[in-house]
Amino acid sequence: MSAAPVATATPASPPAPPPGGVRLLTVTDHRTGKTHYVPVEEDTIHSSFFDQLGLAVYDNGYLNTSVCRSSICYIDGEKGILRYRGYPIEELAEKSSFLEVSYLLIYGELPTARQLDTWTTRIMRHTFVHENMIDYLKSFRYDAHPMGMIVSSIAAMSTFHPEASSALHGEQIYEDEAVVNKQIFRLLGKVPTLAAIAYRHRIGRPYVYPSNELDFVGNFLYMMDRLSETSYKPNPTLVRALDIIFILHADHELNCSTSAMRQLGSTGIDPFTCVAGSAAALYGPMHGGANEAALRMLEEIGSVENIPAFIEQVKAKKRKLMGFGHRVYKFYDPRAKLMRQTAEKVFEVMGRSPLIDIAVELERIALSDEYFIKRNLYPNVDFYSGIIYKAMGFPTDFYPVLFAIARTAGWLAHWREQLSERTPIFRPAQAYDGVSPREYVPIDQRPEAGDVEEGELVFEYSVRTSSNVRKL
């Protein structure tokens, strides 16, 4: 980050022309009558300006706050543009692989053939996990949510690699590029393996070890689906479809989970803990679970004939239109178009899902209805991804796991970028709206109030052999 610019103040008067082409924002403080000239850098002003006025900016949910400068991902929500390191997402999805795009996100340039070969080899060598990690995953209940298993196992990875722990060895260990790269290889390689183990644990099948004879996505599907075949290979069309989906999900600027990655990273902790925290943020239904909600909506609609009635319920605010609209995009999400094209490829292999006809017709009606146009409600990436996952046989609670595999590349890109910036530890301010100072009241003088209905602690002690049992 550049040094904080200094705002100048003068008595209220017509502003002078900006010196030397510097862009200035003119602010008149009517409390004091002073006019301030604030430098504008890349459409941002430094928060220190408000501090000079004795003010703080209240931005609940970070709706309009830039907490970092990044060169990884560019979004123009008004025009529906998404670029990774300057490359249009459409071109990357058509011409690149997920590992190639991961290299681009993390290191800033598309790899040469030699670099890509070395990069792929390093990652695939790290697809195997320690047998103790497998034992750990076996300890989960048979019906454990796969995302809970992923979050826990990624966090546990830090204990398997103590030499990478900044808590043990100091955060200066990540000044060594070789150490940084080693953790990137490990996380990109092992997260798909952990995901496949979580899936097979859920359905009661034995775990499948990775195959380095396959590519990144092919190996993942191999670990998911292989039974007793000695030479099983996933369908190449499905491999390519999932590869494209991973590219589309690889990064998306400073979303909730990526913000968590940067916030945790600012503490100096290891990347395993950071990625686990980011995956936990992705676990939330408002983030990684949105495609599941869109799929359930389409299933509830049931048929194309029911769409007009559903649309009227949405307008009457009796139902929510899931998979439409985005905080960033005020136009068609470019990833949604690519998802729709990918869906058709999957259906050629797996058979056409009736849900796609409902989705296409719902999209057509919504995009021609003034109600939705005025509200900038266009399909987003979640609208079609759930249909694709369902057609490929993934259970609905596994959708955020697929998201996490892809987004790990983006999280690591932001982690690596932040390491070079010496970012101070994140410590947002709050606007306190609690009670003013008051006197302590002894317990026997406090007025009676109703009991807490939920979460009330009731302690019952019973003697069982020689031990006391506490019941909550």
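## Worked exercises on a predicted model

Asp 43 has a relative accessibility of 64%, so this residue counts as exposed. The model is predicted. The exercises below start from this residue.

**Exercise 1. Place Asp 43 and Lys 317, and describe their phi angles.**

Step 1. Asp 43 sits in the loop that runs between β3 (34–39) and α1 (48–52).
Step 2. Its phi is near 60°, a positive value in a residue other than glycine.
Step 3. Turn to Lys 317. This residue lies in the loop between α14 (307–315) and α15 (334–350).
Step 4. Phi of Lys 317 is near 65°, again positive in a non-glycine residue.
Step 5. Check exposure. The relative accessible area of Lys 317 is 66%, over the 50% cut-off, so Lys 317 is exposed.

**Exercise 2. Decide whether Thr 258 is buried or exposed, and list what Thr 258 touches.**

Step 1. Locate the residue. Thr 258 belongs to helix α11 (residues 256–265).
Step 2. Read its accessibility. The value is 0%, so Thr 258 is buried.
Step 3. Leave out residues up to four places away in sequence. Thr 258 then touches Asp 251, Glu 253, Arg 407, Trp 411 and His 414.

**Exercise 3. Do the same for Pro 437, then find how far Pro 437 is from Pro 354.**

Step 1. Pro 437 is in the loop between α19 (399–419) and β7 (460–464).
Step 2. At 83% relative accessibility, Pro 437 is exposed.
Step 3. Pro 437 and Pro 354 are 83 residues apart in sequence. Their C-alpha atoms are 62 Å apart in space.

**Exercise 4. Work out how many disulfides the model holds, and why Cys 68 and Cys 73 are not bonded.**

Step 1. Recall the cut-off: the two cysteine sulfur atoms must lie within 2.5 Å.
Step 2. For Cys 68, the closest cysteine sulfur is that of Cys 73, 11 Å away, so the gap is too far for a bond.
Step 3. Start from Cys 73 instead. Its closest cysteine sulfur is in Cys 68, again at 11 Å and too far for a bond.
Step 4. The count is zero disulfides.
Step 5. Add the setting of Cys 73. Its relative accessible area is 12%, so Cys 73 is buried.

**Exercise 5. Classify the packing of α3 on α4.**

Step 1. The axes of α3 (residues 98–107) and α4 (residues 113–125) come within 10 Å and cross at roughly 100°.
Step 2. Angles of 65 to 115 degrees count as roughly perpendicular. The two helices α3 and α4 are therefore roughly perpendicular.
Step 3. Name the partners. From α3 come Leu 99, Glu 100, Ser 102, Tyr 103, Ile 106 and Tyr 107. From α4 come Gln 115, Leu 116, Trp 119, Thr 120 and Ile 123.
Step 4. Sort the residues of this α3 and α4 contact: seven nonpolar, three polar and one charged.

**Exercise 6. Classify the packing of α8 on α19.**

Step 1. Helix α8 (residues 177–203) and α19 have axes 9 Å apart, at an angle of about 170°.
Step 2. So α8 is roughly antiparallel to α19.
Step 3. On the α8 side, the contact includes Val 180, Ile 184, Leu 187 and Leu 188. On the α19 side, it includes Val 401, Ile 405, Thr 408 and Trp 415.
Step 4. Sort the residues of this α8 and α19 contact: 13 nonpolar, one polar and two charged.

**Exercise 7. Describe Phe 220 in the largest nonpolar core.**

Step 1. This core has 121 residues.
Step 2. Phe 220 is among those that touch the most other members, with Tyr 84, Phe 246, Leu 362 and Phe 394.
Step 3. Not counting residues up to four places away in sequence, the contacts of Phe 220 include Pro 192, Leu 242, Phe 246, Phe 398 and Ile 405.

Note on methods: Residues are numbered from 1 along each chain as its sequence is written. This is a predicted model: local features need pLDDT of at least 70, side-chain atom pairs count only at pLDDT 80 or more; totals for chains, interfaces and linings use all residues. Side-chain values use heavy atoms; hydrogens and water are left out. A nonpolar core is a set of buried Ala, Val, Leu, Ile, Met, Phe, Trp, Tyr and Cys residues joined through side-chain atoms within 4.5 Å. Buried means under 20% relative accessible area, exposed over 50%, partly exposed in between (1.4 Å probe, protein chains only). Contact means heavy atoms within 4.5 Å. Helices (H or I, at least four residues) and strands (E, at least two) are DSSP runs, numbered from the N terminus. Axes are lines fitted to C-alpha atoms, for helices over the stretch in contact, and angles run from 0 to 180 degrees between N-to-C directions. Angles under 35 degrees count as roughly parallel, over 145 as roughly antiparallel, 65 to 115 as roughly perpendicular and the rest as oblique. Ala, Val, Leu, Ile, Met, Phe, Trp, Tyr, Cys and Pro count as nonpolar, Asp, Glu, Lys and Arg as charged, and the others, Gly among them, as polar.
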